[in-house]
Amino acid sequence: MIEVNNFTKNYYYLNKTPAFSVSDINITAETGSITGLLGPNGSGKSTIMKAICGFHFPTAGKIFLKDSHGNSIDVAENPEAAKDLIGYLPEKSILPPDMYVSDFLEYAAEIHGLYGIEKSKNINRVISECSLEEVLAKKIKTLSKGYSQRVSLAQSIIHNPPNLILDEPVSGLDPAQINQMRKLIKRMSETKAVIMSTHILQEVCSLCSKIYIINQGKLVANGTEQQIISETGSKNLEEAFMALTGEGNE
């Protein structure tokens, strides 16, 4: 479970004038569900997600992660423990191009302190979950975009974290690859709390049980698709999104 309570992050120019802020954000992502962050590019989605992962800390507010025993970990106070509870798939994954997929998975496992039988068990698990059997003997630089995304996802879950953060997970994929990634994300959500950011409305509609719409650093709506449509008096989510953000959607 992931809880974002009154999260604020302020950025400043070198002359200390305000550059951009994400203000007073509250988000709850339950285990066994996919929570969507929907908003235009530059709305603040990645800022929120990177803070959940402990890559930077709130200017104000708190972020908590729950472990498998139900204990809450404050990300800012205990970032190392928090990182063990998070798997993160960035929008633009940087993979070592000349490594073979099998070698990279071994490396990723060891980074998370997995060795011996435990390492083998977790590598075999992610190979199966991400359907990587056919590319284990290939160099990463030879992989399609779809397989590269799967390898990135595999390394993010190799330590079997209870929480998963996906930043634009279908960006740049073709329709067939998008469908494969959707199925994979749904499987992951059965045992994890998943937060997925996107600016593509169709992805939210197809995957997410709860939606948070972010615009210009502020939370402008949250709820199920039907709740947001009803509260904005719209015909569909696309119309609601346009009313809330002043922008169209892909």
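Helix 8 passes helix 9 in a left-handed crossing (the near helix is turned anticlockwise from the far one by less than a right angle). This is a predicted model, where local features need pLDDT of at least 70, side-chain atom pairs count only at pLDDT 80 or more, and totals for chains, interfaces and linings use all residues. Residues are numbered from 1 along each chain as its sequence is written, and side-chain values use heavy atoms, without hydrogens and water.

**Helix pair**
- Helix 8 covers residues 225-232 and helix 9 residues 237-245; helices are DSSP runs (H or I) of at least four residues.
- Their axes, lines fitted to C-alpha atoms over the stretch in contact, come within 9 Å and cross at roughly 55 degrees.
- The two helices are therefore oblique (neither under 35, nor over 145, nor 65 to 115 degrees).
- E225, I228, I229 and T232 in helix 8 meet L237, A240 and L244 in helix 9, with contact meaning heavy atoms within 4.5 Å.

**Aromatic pair**
- The count is 1 aromatic pair (ring centres within 6.5 Å).
- F55 and Y88 form this edge-to-face pair (planes over 60 degrees apart), at 5.2 Å centre to centre and 65 degrees between the planes.
- F55 lies in the loop between helix 1 and strand 4 and Y88 in strand 6 (a DSSP run of E, at least two residues), so the pair ties together parts 33 residues apart in sequence.
- F55 is partly exposed (20% to 50%) at 48% relative accessible area.
- Y88 is buried (under 20%; 1.4 Å probe, protein chains only) at 15%.

**Charges over rings**
- K9 lies over the face of Y11, 5.9 Å from the ring centre (NZ of Lys or CZ of Arg within 6 Å of it and within 35 degrees of the ring normal).
- R150 lies over the face of Y147, at 4.4 Å from the ring centre.

Notes
Phe/Tyr/Trp six-rings, centres within 6.5 Å; stacked < 30°, edge-to-face > 60°. Axes fitted to C-alpha atoms, helices over the stretch in contact; angles between N-to-C directions.
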